[in-house]
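Thanks for making time this morning. I would like to walk you through one model, slowly, and I will put the sequence and the structure up before I say anything about them.

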Amino acid sequence: MEVAKYEAVETLRDGRQTRVRALKSDDRAGLLSAVSKSSAQSLYRRFFSPKRSLTEDEVAYFMDVDFVDHVALVAELEEDGRGVIIGGGRYVLVEPGKAEVAFAVVDRYQEQGVGTALMRHLVAIARHVGLEELTAEVLADNISMLKVFEKSGLRVSTTRDSGVIHVALRLS
Ligand SMILES: CC(C)(COP(=O)(O)OP(=O)(O)OC[C@H]1O[C@@H](n2cnc3c(N)ncnc32)[C@H](O)[C@@H]1OP(=O)(O)O)[C@@H](O)C(=O)NCCC(=O)NCCS
């Protein structure tokens, strides 16, 4: 498996097809566009702070993916003949064998299975490269994210620290 060229097709709940693929160096505009279409609540749930846009440094970080320590996938939909990014999921290695995951799906495409699909593909990659554990920080009221983790089929353990749930998912 060449992670930097990862690609798969998934069918959304409404029957449309989405391409789940590795982030590419020319996805900057698509990523910014997806952020601009996301609600304040979604951005808050992703970044844990009020945000309407990303700083230059944040964009640089999100685009700086080496597909070893930092793996990013996007979900893309064909709209008017061109690919539009509707969501993304990534993991960043935090220590050997262990990576932190995070996801974001543009609001109007949520509840269609995109998050679940991104999770499944990230897990496939993580397993392929031999990671042992995925972790995530999730706001306690973020039912969708917690549901995606529950549905992953992985062994999930959670600890709660006031409003934040720390999730650990065992890959082995
Ligand atoms: C979290 C997020 C990535 C999930 O993506 P998604 O594409 O909407 O997820 P899916 O459609 O695959 O699955 C969501 C599940 O939650 C369920 N769900 C959502 N709200 C629910 C509720 N209030 N009660 C019960 N189930 C609920 C959905 O029914 C669905 O489960 P199902 O497939 O069994 O029906 C997306 O909502 C998002 O981008 N949120 C904002 C950013 C964010 O929270 N990021 C997480 C930071 S780690």
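Which elements do the buried residues of H2 pack against? Before I answer, please keep in mind that what you see is a predicted model. The buried residues of H2 pack against H1, H3, E4 and E5. The residues concerned, Ser42, Leu43 and Arg46, are buried in H2, and because they cover an arc of only 95° around the axis, they sit on the same side of that helix. Just after H2, Phe48 takes a positive phi of about 65°.

Helix H1, residues 28-36, can be described in a similar manner. Its residues Leu31, Ala34 and Val35 are buried, and they lie on the same side of H1 because the arc they cover around the axis is only 100°. The buried residues of H1 pack against helix H2, which runs over 40-47, against helix H3 at 56-63, and against strand E4 at 82-95.

Since E4 has now come up for both helices, let me stay with it for a moment. Gly83 has its place in that strand, and with a relative accessibility of 37% it counts as partly exposed. Leaving aside neighbours within four places in sequence, Gly83 is in contact with Glu76, Leu77 and Glu78. The C-alpha atom of Gly83 is separated by 8.8 Å from that of Gly30, although the two are 53 residues apart along the chain. In the loop between strand E3, residues 70-79, and E4 we find Asp80, which has a positive phi of about 50° although it is not a glycine. Asp80 is exposed, because its relative accessible area is 81%, and the cut-off for exposed is over 50%.

Now to the interior. The largest nonpolar core has 52 residues, and those with the most contacts inside it are Tyr91, Met119, Leu134 and Phe149. Helix H4, residues 114-128, gives the most to this core, with seven residues. If you pick Tyr91 and leave out residues up to four places away in sequence, you will see that it touches, among others, Val68, His70, Ala99, Val101, Leu122, Ile125 and Leu131.

Is Tyr6, which sits in the segment before strand E1, buried or exposed? Tyr6 counts as buried, at 12% relative accessibility. Not counting residues up to four places away in sequence, Tyr6 touches Met1, Val20, Arg21, Ala22, Leu73, His121, Ala124 and Ile125. With one of these, His121, the side chain of Tyr6 makes a polar contact of 2.6 Å. The C-alpha atoms of Tyr6 and Ala22 are separated by 5.2 Å, with their positions 16 residues apart along the chain.

Thr135, in strand E6 at residues 133-139, is another buried residue, with a relative accessible area of 4%. Beyond residues up to four places away in sequence, Thr135 touches Lys98, Ala99, Glu100 and Val101, and also His166, Val167 and Ala168.

That leaves the ligand, where I would like to spend the last few minutes. Around the ligand there are 22 residues, of which Arg13, Val105, Thr116, Asn142 and Lys151 come nearest. A polar side-chain atom of Thr116 lies 2.5 Å from an oxygen atom of the ligand. Two backbones also take part: a polar backbone atom of Glu111 is 2.8 Å from a ligand oxygen, and for a polar backbone atom of Val114 the distance to an oxygen atom of the ligand is 3.4 Å. On its own the ligand has 960 Å² of accessible area, and the protein covers 80% of this. The elements that give two or more residues to the shell around the ligand are H2, strand E5 at 98-105, H4 and helix H5 at 143-150, and the largest share, five residues, comes from H5.

Finally, a word on Glu111, whose backbone we have just met at the ligand. Glu111 is found in the loop between E5 and H4, and it has a positive phi of about 65° although it is not a glycine. Counting the protein chains only as cover, Glu111 is exposed, because its relative accessibility is 55% and the cut-off for exposed is over 50%.

Terms used. Residues are numbered from 1 along each chain as its sequence is written. This is a predicted model: local features need pLDDT of at least 70, side-chain atom pairs count only at pLDDT 80 or more; totals for chains, interfaces and linings use all residues. Side-chain values use heavy atoms; hydrogens and water are left out. A nonpolar core is a set of buried Ala, Val, Leu, Ile, Met, Phe, Trp, Tyr and Cys residues joined through side-chain atoms within 4.5 Å. Buried means under 20% relative accessible area, exposed over 50%, partly exposed in between (1.4 Å probe, protein chains only). Helices (H or I, at least four residues) and strands (E, at least two) are DSSP runs, numbered from the N terminus. Contact means heavy atoms within 4.5 Å. The arc is that of the directions from the helix axis to the C-beta atoms. A residue is near a molecule or strand if one of its heavy atoms lies within 4 Å of it. A polar contact is a pair of N or O atoms within 3.5 Å; within protein, one must be able to donate a hydrogen and the other to accept it, and residues adjacent in sequence count only if both atoms are side-chain atoms. Accessible areas come from the Shrake-Rupley method with a 1.4 Å probe; for residues, only the protein chains shown count as cover.
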